[in-house]
Amino acid sequence: MRYAHAVADVRAAERELMARLPEGALMQRAAFGLATVAADMLRDAGSVYGSRVALLVGVGDNGGDALYAGALLAGRGVAVHALLADPDRAHEGGLSALRDAGGRIVADAAVLDQADLVVDGLLGIGGRGGLRGEFARLAEAAHESGAPILAVDLPSGIEADTGEVSGPAVRADVTVTFGTHKPGLFVDPGASHAGIVEFVDIGLEFPPSVEPVLENLQVQDVRALLPAPGRSSHKYSRGVVGLAVGSERYPGAALLAVGAALRSGVGAVRYSGPVDVVSSYPEVIAGGGKVQAWVVGSGLGRDDEAVRRLLNVLATDVPVVVDADGLRLLPRKAFERSAPTIITPHAGEAAALLDVTAEQIEGQRLEYVRRLAQSYDATVVLKGPLTLIAGPQTSRVRVNTHAGPVLATAGSGDVLAGIIGGLLAGGLSPYDAASAGAYLHGATGLLAARSGPVAAGDLVASLPLAWHNIQE
Ligand SMILES: NC(=O)C1=CN([C@@H]2O[C@H](COP(=O)(O)OP(=O)(O)OC[C@H]3O[C@@H](n4cnc5c(N)ncnc54)[C@H](O)[C@@H]3O)[C@@H](O)[C@H]2O)[C@@H](O)CC1
Ligand SMILES: [K+]
């Protein structure tokens, strides 16, 4: 598992660690990690010795990291030039280290045009709001130069705790983050400014009483969650999932969701609805009956019949996944159910559920995924390039990073709903089914994309191998 912690908790952990170390030791660890990544980038682009690096330096320790790393690079034969956003307030120790190593402090941003690499040390976890004044001007000049940008700790101008971006911000190719991930590196729009994120361990430790803001499941976490049939398993003990999806108008949604559910580790799948799924999937039991979880909504349409099917499913006492049209039909507060509910909105559907705009959701994804979980008393899968999962009982949010743009294809959501329903019926908790489901869905897309452009049906076809690869 990877974690991201709140700035306040990072500060506390830093204080605790600094008290046990010689002065400046922590910044040296950060600078060493940063210089190592910078040198790797320079080497990949040609060579370290003889290359040119420009540092953008703010007024805090983030600039200090950049300056000390610049000194280390200068010691390896790199021509290092530092541009200071506010010369009177730049980190003093860092400035003398850079000068002593042969680096230069310059005022003319033209050095950016010759740079092989720009290091963004304008703002770190002390930044608030978008870049202003000289900070914004330097960032803009760096973007215009076209040189690759390496951000220190996080891209300057993104909010570390939320990933919100409220003004000009740096768009980095690589970000080196220290001690723990910052939530803004995992949540869009901030995350989309970070490029590839490299983690440098500086020895920070978090006591168990400190809750991370975000959890990011790794393959071994998902492996531990996926249900594995035992010797004594039979079709009913492995779980039965029911799907009330698809309609005469949208039969494809039923085929995709059912196809995915069949390959999600369950013992059996029941289908309730007008679509002939049995011709494609003879394994399916047509009609209702006892199930451990329901999926409703995908391709349901929005007529009276759709409402009736939705309410029938919500009236059951088993966990339910509500997707797509099901979300559009939901009366507010429809979730006074005895069993858990999972909802799987994209930004537009989330906006309708909360009476806000899709832009508001996209700008504050962490805030709104939590708000949805609270106000609907549901586990929420807020879909997007970085899908967020929130539960009604925990403030911890999970993020899925194991995915790619191939998932943005018609029918992809139907597949996700089927997978989550299958995992729920297989006995996972709603929170685990939603987060392992998002990972599995992402893995399926990444696998299918190896053979070229992907249709949702290819996601279904790739599920068994994606599952197998996770279990390897
Ligand atoms: N505390 C530590 O021991 C360590 C800190 N490290 C580095 O220190 C950073 C945090 O340093 P600081 O707390 O000094 O904070 P920053 O370096 O992020 O600078 C914050 C200062 O910038 C100014 N500022 C804030 N928002 C601004 C905006 N939008 N436009 C222009 N100016 C703005 C304010 O004067 C604020 O005090 C971390 O991100 C990390 O890079 C690392 O060296 C590891 C160890
Ligand atoms: K930065």
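Is Asp 153 buried or exposed? Select Asp 153 to begin: with a relative accessible area of 7%, Asp 153 is buried, where buried means under 20% relative accessible area, exposed over 50% and partly exposed in between, with a 1.4 Å probe and protein chains only.

Before going further, note that this is a predicted model, in which local features need pLDDT of at least 70 and side-chain atom pairs count only at pLDDT 80 or more, while totals for chains, interfaces and linings use all residues. Residues are numbered from 1 along each chain as its sequence is written, chains are lettered from A and ligands numbered from 1 in the order in which they are written, and side-chain values use heavy atoms, with hydrogens and water left out.

**Around Asp 153**

Keep Asp 153 selected and show the loop between strand S6 (149-152) and strand S7 (174-178), which is where Asp 153 is found; helices (H or I, at least four residues) and strands (E, at least two) are DSSP runs, numbered from the N terminus. Next add Lys 182, whose side chain makes a polar contact of 2.9 Å with the side chain of Asp 153. A polar contact is a pair of N or O atoms within 3.5 Å; within protein, one must be able to donate a hydrogen and the other to accept it, and residues adjacent in sequence count only if both atoms are side-chain atoms. Then add Phe 178, whose backbone nitrogen lies 3.1 Å from a polar atom of the Asp 153 side chain. Leaving aside residues up to four places away in sequence, Asp 153 also touches others, including Asn 62, Ile 125 and Leu 185, contact here meaning heavy atoms within 4.5 Å.

**The open sheet**

Now select the strands of an open sheet, 11 in number, which has mixed pairing and the order S1-S9-S18-S17-S16-S15-S14-S13-S10-S11-S12. Its edge strands, strand S1 (2-4) and strand S12 (285-286), each pair on one side only; two strands pair if DSSP finds at least two bridges between them. In general, strands of a sheet pair through backbone hydrogen bonds, either parallel or antiparallel.

At one edge, S1 and strand S9 (residues 214-216) pair in the antiparallel sense over three bridges, and Tyr 3 can be seen opposite Glu 215 in S9. Move on to strand S10 (residues 240-244), where five of its five residues are buried. Both faces are covered, with Val 240, Gly 242 and Ala 244 buried on one side and Val 241 and Leu 243 buried on the other. S10 runs parallel to strand S11 (residues 268-271), to which four bridges join it, and the bridge partner of Val 240 in S11 is Ala 268.

**A last stop in helix H16**

Finally, select Ala 461 in helix H16 (residues 456-471). Ala 461 is exposed, with a relative accessible area of 57%, whereas Asp 153, where the tour began, is buried at 7%. Return to Lys 182, the residue in polar contact with Asp 153, and draw a line between the C-alpha atoms of Ala 461 and Lys 182: these atoms are separated by 36 Å, and the two residues are 279 residues apart along the chain.
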